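Got your viewer open? Follow along, and at each stop make the selection before you read on.

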Amino acid sequence: MGPSFLDPERLISAFGLIGLLAIIFAESGLLVGFFLPGDSLLFTAGLLVAGGTYLHQPLWLVCLLASAAAVAGDQFGYAFGRRFGPALFRRPDSRLFKQQNLTRARAFFARHGPRSVVLARFVPIVRTLTPIVAGAGHMHYRTFLTFNLIGGTGWACGVTILGYFLGQVAFVRSNIELILIAIVLVSLIPVGIELLRARRRTATRE
């Protein structure tokens, strides 16, 4: 599924609950965290809690702390985007952070409204960039905070609880790598759909 050092179970076995929370925080709001395995990490955490391996805390506590880490990561990303976002988008030598992307992000938020913060939470890479773009685009802070709480909590609790209950199924335990790959593929579906829509819009204009 990728470099061995990004294997979810290896990460949790090496760094425990603190490492899990640090990775969720980084993947949620730090630019360098976009490559981290957030979905598969939470799913594996739930599975390990169910099996009493590496993580010996109760499920409710893991969910609570993971939610707090996700929300805090987004809050940091928002503050970073608010402070440094416009400058990043104006960098002439940047392929990602440029004014055109900021304008598109503003249009995206205007079109989809606050729900965009919740929807982005379930899409890898997008969830890392969304709070930064929201801050750079000066999305109303209270609006961002409200929907960040909904999205961060729903994502962290939902994926962890899913791993907890599915982790008690023998087939899942025996095919964990396939299950994790399936989770990643499913989470990428919205990205694929959006790319197809963008390509169709471009073709229509031409």
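Start by selecting Tyr-54, which sits in the loop that links α2 (38-51) to α3 (59-89). Keep in mind as you click around that this is a predicted model. What is the phi of Tyr-54? It is near 70°, a positive value in a residue that isn't glycine. That's worth a second look, because most residues other than glycine have a negative phi. Now turn on the surface: Tyr-54 has a relative accessible area of 42%, so it is partly exposed.

Next, keep α2 on screen and add helix α1, residues 8-29. Two packed helices are described by the angle between their axes and the distance between the axes. Here, α1 and α2 pack at an angle of about 130°, and their axes are 10 Å apart. Are they parallel or oblique? The two helices are oblique to each other, because an angle of about 130° is not over 145, the cut-off for roughly antiparallel, and lies outside 65 to 115, the range for roughly perpendicular. The crossing of α1 and α2 is left-handed.

Show the side chains where these helices touch. On the α1 side, pick out Pro-8, Glu-9, Leu-11, Ile-12, Leu-20, Ile-23, Ile-24 and Glu-27; they meet Gly-38, Ser-40, Leu-41, Leu-42, Thr-44, Ala-45 and Leu-48 of α2. Colour that contact by class and you'll get 10 nonpolar, three polar and two charged residues.

Now jump along the chain to Val-133, in helix α6 (residues 126-136). Is Val-133 buried or exposed? Its relative accessible area is 14%, which is under the 20% cut-off, so Val-133 is buried. Add Tyr-78 to the selection: Val-133 and Tyr-78 are 55 residues apart along the chain, yet 7.4 Å separates their C-alpha atoms.

Last stop: the cysteines. How many disulfides does the count come to? Zero. Select Cys-63, which is in no disulfide, and draw a line from its sulfur to the nearest cysteine sulfur, that of Cys-157, 4.5 Å away. Why is there no bond between Cys-157 and Cys-63? A disulfide needs the two sulfur atoms within 2.5 Å, so at 4.5 Å they are too far for a bond.

Before you leave this pair, check the surface again. Cys-63 counts as buried, at 5% relative accessibility, while Cys-157 counts as partly exposed, at 21%.

Technical notes: Residues numbered from 1 in each chain as written. Predicted model: local features only at pLDDT ≥ 70, side-chain atom pairs only at ≥ 80, totals over all residues. Heavy atoms only, no water. Helix = DSSP H or I, 4+ residues; strand = E, 2+ residues; numbered from the N terminus. Buried < 20%, exposed > 50% of the residue type's maximum accessible area, 1.4 Å probe, protein only. Axes fitted to C-alpha atoms, helices over the stretch in contact; angles between N-to-C directions. Parallel < 35°, antiparallel > 145°, perpendicular 65-115°, else oblique. Left-handed = near helix turned anticlockwise from the far one by under 90°. Contact = heavy atoms within 4.5 Å. Nonpolar A, V, L, I, M, F, W, Y, C, P; charged D, E, K, R; others polar.
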